[in-house]
Amino acid sequence: MPAFIADCMLGKLAKWLRVLGFDVLYASRAEDDELLRAARREGRILLTRDTGLAARARAVRCLLVESERWEDQVLQVLDVFDLRDEAAPHTRCLACNLVLTHLAKERARNLVAPFVLEQGTAFSLCPGCGRVYWKGTHAADMDVRLERLLGGARKVRRREG
């Protein structure tokens, strides 16, 4: 599965690729040279809207993202790299990009509000930043968007306990 690095113009794209389970480095203040070095060093595909940066990316794989709309950007990445079948929604931390681990409900007791613990059925933990994830009230809307992005042909698989 490819790993990506996104330039500062593609924060929402980076977030939604992470929602889909893809490895995407993103720093809102990274300089072009830093992006190119990291892409080269780690074998990442550079995602950019900057034609100048894309032209300089001779030694790394690069995708010049065409649209300003994040949904179209995600669709372009999914299409160009044929990634729909590799998507693993809700398996990666949206903040620090690490793969989430299962968190037993009992262990979540001191990490989430009592209402969340009572309502939640499955929890995940980021081993890096400690952020806890669960299927909240926003999940239905998010899953509709994911189904639209993935073509709606397959039901969005949510990582459960």
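**Figure 1. Overview of the chain in the predicted model.** Buried residues make up 45% of the 161 residues in the chain, and the coordinates shown here and in the views that follow are those of a predicted model. The secondary structure amounts to 7 helices and 7 strands, which succeed one another along the sequence in the pattern β-α-β-α-β-α-β-α-β-α-α-β-β-α. The C-alpha trace spans about 50 × 35 × 25 Å along its principal axes, and the radius of gyration of 17 Å agrees with the value near 15 Å that a compact globule of 161 residues would have. Among contacts with a separation of 6 or more, 53% join residues that stand 24 or more positions apart. About 9,000 Å² of the chain is accessible surface, and carbon and sulfur atoms account for 50% of that area.

**Figure 2. Close-up of the largest nonpolar core.** This core holds 26 residues, of which Phe4, Phe22, Leu47, Val74 and Val77 touch the most other members. At least two residues each are supplied by β1, α1 (11–19), β3, α4 (70–80) and α7 (139–149), and α1 gives the most, with 5 residues. In soluble globular proteins, nonpolar side chains tend to be buried together.

**Figure 3. Surroundings of leucine 47, and a second core.** When neighbours within four places in sequence are set aside, leucine 47 is in contact with Phe4, Ile5, Ala6, Asp7, Leu10, Leu13, Leu17, Leu63, Val65 and Val77. Apart from the largest nonpolar core lies another core, which has 10 residues, including Ile5, Ala30, Leu46 and Val60.

**Figure 4. The buried side of helix α2.** Helix α2 covers residues 32–42, and within this helix Leu35, Leu36, Ala38 and Ala39 are buried. These residues lie on the same side of α2, because the arc that they cover around the axis is only 165°. The packing partners of the buried residues of α2 are β1 (4–6), β3 (45–48) and α3 (51–56). Just after α2 comes glycine 43, whose phi is positive, at about 65°.

**Figure 5. Leucine 36 and its contacts.** Leucine 36 is found in helix α2, and with a relative accessible area of 5% this residue counts as buried. Beyond its neighbours within four places in sequence, leucine 36 is in contact with Leu46, Leu53, Arg56, Ala57 and Val60. Valine 24 is 12 residues apart from leucine 36 along the chain, and the C-alpha atoms of the two are separated by 14 Å.

**Figure 6. Cysteines without a disulfide.** A disulfide is a covalent bond between the sulfur atoms of two cysteines, and the structure holds 0 disulfides. Cysteine 8 is in no disulfide, as the nearest cysteine sulfur, which belongs to cysteine 62, is 14 Å away; cysteine 8 is also partly exposed, at a relative accessible area of 42%. For cysteine 96, the closest cysteine sulfur is that of cysteine 126, and the distance of 3.2 Å between the two sulfurs is too far for a bond, since a disulfide is assigned here to sulfur atoms within 2.5 Å. Cysteine 96, too, is partly exposed, with a relative accessibility of 31%.

Key:
Residues numbered from 1 in each chain as written. Predicted model: local features only at pLDDT ≥ 70, side-chain atom pairs only at ≥ 80, totals over all residues. Heavy atoms only, no water. Buried < 20%, exposed > 50% of the residue type's maximum accessible area, 1.4 Å probe, protein only. Helix = DSSP H or I, 4+ residues; strand = E, 2+ residues; numbered from the N terminus. Arc of directions from axis to C-beta. Contact = heavy atoms within 4.5 Å. Core = buried A, V, L, I, M, F, W, Y, C linked by side-chain atoms within 4.5 Å. Rg over C-alpha atoms; globule rule 2.2 N^0.38 Å. Areas by Shrake-Rupley, 256 points an atom, 1.4 Å probe, with all protein chains shown as cover.
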